[in-house]
Amino acid sequence: MNNIYQLKRDTLSSNFSGKDHYDMIIIGAGLSGLASGLMWMKNTTGMKTLIIEKNSYPGGYSTAYVKEGYVFETTQLFPDIVDILEYLEIDLPLKRYEKNFMRRLVVDGDHVDEYKIPAGSENFTRYLTETFPADAEKIRALMEYSVDLFKQVRKLKANATLKDTLATPFRAPKVIANLNRTYSGLLDKFRITDKKLREVMETFTSFSGVPSDRASAILATGAMLSSMTRCFRPYGFFDEYPAKLAEKFQSLGAEIRFNAEVEKIEVKDGVVSGVKVKGDNTMIRGDRVITTVDPMLAMRQLVGDEHLPEKYIQKLENTIMSPSSVNVALGLDDKIDMTKLDLDYPYNVVSTGLGTAEKLFNAFLAGNHGFSKDCFHAAVICPSLTTGAKNTITIRSTPWAMDGWKELRERDYEKYRAEKEKWADFLIDIAEKYFIPDLKKYIVVKEISTPATYARFSGSPTGSIYDIASLVTQFGPKRLPMKTPIRNLYQPKFAHGLYGTMMGGVQVVDLILDRKFNNGNSLFIPEKAAKVSS
Ligand SMILES: Cc1cc2nc3c(=O)[nH]c(=O)nc-3n(C[C@H](O)[C@H](O)[C@H](O)COP(=O)(O)OP(=O)(O)OC[C@H]3O[C@@H](n4cnc5c(N)ncnc54)[C@H](O)[C@@H]3O)c2cc1C
């Protein structure tokens, strides 16, 4: 079948001029790379700037592709990035989910509890107090505290001076109090013991594949409040978002080189000196380099341990990257009327009950997976309800480890395919049982992604899909810093998701420009537009 959709990502091409020296080189044209590049171009003048990307289009994990006349998307929603897009003068028509945030099913044998979580923290509080009246007071107290905690997080400085650090206990006491607290610790603090209520609250940690007894309370609270209060997706396909950023970047005079894989970050006397692209004879020199690829790839392979202090290597070794995923994207025929199925939520989530996230995460840490018909967590997303394109759904499951997926794919493709099909059937059965009756009858196209797919696509050795895992043990000051031990080499890779990646771009450029652009803020407040020249 012919492709009837022209994706915006395919209209872009390299504009690499072939210079052998740049003021700034960025590795990766995913959203971190594009955000960093654009913030840099907006706040400097005359800087020769280059993004190097191994794929033939921008977007990294946030993209869309066409298969047999269906458009499939990877990502599905983002919290508030409207101010950033305005600042960058990017016009992206957005659908805002104002009423519903999530349809959540919790399965216990034959019994299923259903929750329809509304958007907005006040609506959510009301909904919870009505659903769990016996715990109304505790819920109100928790939500009030959470809103306040989130306000204090917004006062933090990402690029903190000593003065900022000393002021933090006064400016943000709740942040200090929660730095080492897990999300389940926060629920305990408010004596939330009702099993069903905990199941609902823990939704906000388990959707990134992390159990609440390991997730940072601050990050989970931030994820909950930011995504449920201002939650968007483009009306068009998801590739349009990075494509517009890339187009803007090129229009500002900067260059992108597609189909070019960096195989070495060059270091001389502890200072970054450039990068070497696979197949090139010489390196491209760079005064500064920002890497936006998986830190294990960037630091252990592209830089190499020989350039890194032992303490940093240790920190990398102890860093747990977020899990990978098995994902099934389906193109459905037009006999199904998706609008009748109550699926137009950013997420439709089904899982087995309390303890599921812990079991799945422990299996992931052990290097495999814990999915079975008695233990699962899956999200069903329906992009075509917004885009109006031919019917598509995505069934996403996480956490999965790389396990033997990569090896199997290379060694025995038929066996790999059989294994993929097995797990796709498992996920399709779940979606059919809980969300879309007779789903199998309507399937025209099936696309299955495994940890090996994600590894191949992004370069992440473990196929990690959400950057560094949002565990309390590697949050805040304990995370990998943006400044690496190599002078002038920066790595804004610490917070998962599209909002986090855009903010990574803001913060790293602010760091490089000595806070002249965003005043060190963790939030986006570009109060001092710098214009630093080369
Ligand atoms: C299936 C899926 C669904 C998701 N859904 C959501 C969602 O709904 N909402 C949300 O907020 N987040 C979501 N995420 C997470 C989000 O997509 C990522 O956090 C974000 O896109 C990461 O952007 P990035 O630029 O940091 O990294 P990446 O997107 O990984 O970009 C890195 C880029 O570097 C390139 N690269 C790698 N190695 C090299 C090399 N050696 N040389 C040159 N280039 C290289 C890669 O090709 C890639 O383009 C999802 C992720 C996945 C995988």
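**Close-up 1. The ligand sits between two domains of this predicted model.** Domain 1 (8-68 + 236-320 + 466-533) and domain 3 (323-462) each supply residues to the shell around the ligand, so the ligand lies between them. That shell counts 36 residues, and the closest are G28, G30, G60, G459 and G497. Which elements put in two or more residues? They are α1, β15 (324-332), α19 (451-458) and α20 (497-512). By type, the shell splits into 18 polar, 13 nonpolar and five charged residues.

**Close-up 2. Helix α1 crosses helix α11.** Here we look at α1 (residues 31-42) against α11 (residues 240-251): their axes come within 10 Å and cross at roughly 35°. The crossing is left-handed. On the α1 side, L31, L34, G37, L38 and M41 make the contact, and they meet P242, L245, A246, K248 and F249 of α11. Eight of the residues in this contact are nonpolar, with one polar and one charged making up the rest.

**Close-up 3. Seven strands make an open, mixed sheet.** Reading across, the order goes β9-β8-β16-β17-β18-β15-β19. The edges are β9 (111-118) and β19 (443-449), each of which pairs on one side only. From one strand to the next, the twist averages 15°.

**Close-up 4. Strands β17 and β18 pair up inside that sheet.** How do β17 (residues 377-381) and β18 (residues 392-400) run, parallel or antiparallel? The pairing is antiparallel and spans four bridges. To pick out a bridge by eye, find V380, whose partner in β18 is I395.

Note on methods:
Residues numbered from 1 in each chain as written. Predicted model: local features only at pLDDT ≥ 70, side-chain atom pairs only at ≥ 80, totals over all residues. Axes fitted to C-alpha atoms, helices over the stretch in contact; angles between N-to-C directions. Left-handed = near helix turned anticlockwise from the far one by under 90°. Contact = placed C-beta atoms within 7 Å. Nonpolar A, V, L, I, M, F, W, Y, C, P; charged D, E, K, R; others polar. Pairing = 2+ DSSP bridges. Near = placed C-beta within 6 Å. Domains from an automatic or database assignment.
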